[in-house]
Amino acid sequence: MEDWITSIQKELPANQVMTELADRYSYSFDASFGEYLPEVVVQAKNKSQVVSVLKIANTYKIPVYPRGQGTCLSGGPLPVHGGIVLDLSQWPESIDVYADDLTVVVSPSTLTANINKAAEKHGLMYAPDPSSAHVATIGGNLAENSGGPRGLKYGVTKDFVLGLEVVTPEGEVIRTGGQTIKNVTGFDLTKLLVGSEGTLGVITEATLKLIPKPPAVQTLMAVFDDMRLAGKAISKTLTSGVLPSKMEFMDQACIRAVENFQPAGLPVNARAIVIIELDGHPEALKIERRLVEEIMKDLGATDTVIPKSDEEAAKIWHARKQVSPAIARIKPTKVSEDATVPRSKIPDMMDRLREIKEKYEVEVVVFGHAGDGNLHPNVLCDKRDQEEMARVERAVEELFQAAIELGGTLSGEHGIGTMKAPFMESEVGRVGLSMMKRIKDSWDPNGIMNPGKIFAEKGQKLVLTK
């Protein structure tokens with residue numbers, strides 16, 4: 001056995017260091033594409049264990065791949081160069097709410113949804129709400145800078161992080177930021193680390209910002225027979241002075257898939273629906289609801305549905321959440337992307353997606369957080385069909401290019417990982433990518449932290465097949 005593995009086994013309990021083939025295979029994949037076998041899996045359950053693993057890895061120059069629950073859609077935790085998968089999901093969950101300070105301190109293994117549940121007991125809210133919040137850990141959300149429907153009004157994960165405890169690649173412990181809302185002491189290392197996808201260190205604790213929970217919410221659903229009109233209605237709403245907490249979009253394929261999967265009474269003949277949630281004071285919501293209704297009608301909505309009860313509203317939002325499992329029944333494989341464009345360019349992006357769908361003869365369905373331009377084009381396919389997957393790869397490449405050409409970005413919330421690394425230079429430029437790489441090299445001179453992510457290796461291309 002390798003000397004470095006023996007060293008790890010001396011530092012951690014035997015049941016937390018896994019070298020059996022079956023165990024290693026279970027950590028060889030995530031929710032994206034590709035399988036890579038690690039040499040060892042280490043389940044770290046406290047800070048000192050992370051310190052020990054990183055000191056050994058740095059000494060022997062062994063790659064380390066931090067991992068939460070493996071829900072990543074961009075290949076973030078995949079051990080592309082073998083080495084160590086550092087599983088933080090077994091770390092005991094810890095949530096300490098400081099209501100008077102509007103903060104909460106959490107362990108990296110904490111399920112994101114549980115943070116909000118704990119905050120609600122104090123009349124507060126942790127706003128970031130990725131769709132995987134009930135299964136994903138906050139450590140993974142911090143690494144990927146996750147978003148969610150409420151990102152439209154409240155922002156994404158990075159907007160709610162006040163401070164971090166991080167173990168560096170050399171095994172040193174540092175704290176960034178603090179517990180105060182204002183903090184301009186030196187470089188903002190907190191913001192640098194959030195979204196760095198585990199390439200700079202391992203987050204072992206986070207101090208997050210909470211906000212008062214709005215006293216009331218109001219849901220609306222607008223129905224359109226033209227997708228471009230739906231896009232224009234979204235832009236018009238957002239320039240009207242009304243800022244919804246959520247503004248979601250579903251195309252006809254999504255609507256029909258949901259109705260076939262778990263009927264919710266959605267209009268199957270609609271070309272698109274826009275689901276809106278307003279939050280705030282009840283009296284203000286009455287005014288905002290009327291204004292949004294007028295905008296939808298003026299922009300060509302064929303119908304506007306106002307739920308008569310919380311149960312009816314919950315049914316509409318449940319239907320939106322059923323899109324992913326529903327479309328998975330159409331074909332066995334789905335390539336889930338999150339190309340994001342300026343809000344005004346949503347109609348243009350919808351046109352480009354239609355052209356891509358026809359050009360490559362692939363099935364594309366679209367839903368997502370249309371209020372902030374964060375669309376989720378999903379290409380439905382069958383990975384067993386090599387010829388189809390080759391067309392899908394070209395379609396996804398063109399999808400990324402379309403987003404960039406329209407002034408958008410490769411990723412609104414899924415991260416770069418392995419999936420989008422080959423396209424980074426197209427968005428940030430050669431010099432921009434070089435500056436990022438220089439930061440990475442200065443933090444991690446031995447290159448042990450999550451290598452193979454964000455920065456494409458020479459000749460690397462998008463590959464969705466083995």
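1. Axes, in what follows, are lines fitted to C-alpha atoms, for helices over the stretch in contact, and the angles between them run from 0 to 180 degrees between N-to-C directions. With that in mind, and remembering that this is a predicted model, one may begin with helix H8 (residues 227-238) and helix H10 (residues 282-298), which pack at an angle of about 145 degrees with their axes 9 Å apart. Where H8 and H10 cross, the crossing is right-handed, and the residues that meet there are Ala233, Lys236 and Thr237 from H8 with Val292, Ile295 and Met296 from H10.

2. H8 also packs against helix H13 (residues 346-360), here at an angle of about 155 degrees and with the axes 8 Å apart. Angles over 145 degrees count as roughly antiparallel, and H8 and H13 are therefore described in that way relative to each other. The passage of H8 across H13 is a right-handed crossing. On the H8 side the contact involves Met227, Arg228, Gly231, Lys232 and Ile234, while H13 contributes Ile346, Pro347, Asp348, Met350 and Asp351.

3. Helix H15 (residues 424-443) deserves a careful look, for a straight helix of 20 residues would span 28 Å at 1.5 Å a residue, whereas H15 spans only 20 Å between its end C-alpha atoms. Following the helix along its course, the reader will find a bend of about 85 degrees at Arg430.

4. The surroundings of H15 can be traced through its buried residues, which are Met424, Leu433, Lys440 and Trp443. The buried residues of this helix pack against strand E9 (173-177) and also against helix H7 (189-193).

5. Two residues elsewhere call for a check of their backbone angles, since most residues other than glycine have a negative phi. Lys61, although it is not a glycine, has a positive phi of about 60 degrees, and it sits in the loop that runs between helix H3 (47-60) and strand E3 (64-67). The relative accessibility of Lys61 is 53%, so this residue counts as exposed.

6. The second of these residues is Ile454, which is likewise not a glycine and has a positive phi of about 70 degrees. Ile454 is found in the segment after H15. Is Ile454 buried or exposed? With a relative accessible area of 10%, Ile454 is buried, the cut-off for that term being under 20%.

Notes:
Residues numbered from 1 in each chain as written. Predicted model: local features only at pLDDT ≥ 70, side-chain atom pairs only at ≥ 80, totals over all residues. Heavy atoms only, no water. Helix = DSSP H or I, 4+ residues; strand = E, 2+ residues; numbered from the N terminus. Expected span 1.5 Å × (residues − 1). Bend = angle between axes of the 7 residues up to and from the residue. Buried < 20%, exposed > 50% of the residue type's maximum accessible area, 1.4 Å probe, protein only. Contact = heavy atoms within 4.5 Å. Parallel < 35°, antiparallel > 145°, perpendicular 65-115°, else oblique. Left-handed = near helix turned anticlockwise from the far one by under 90°.
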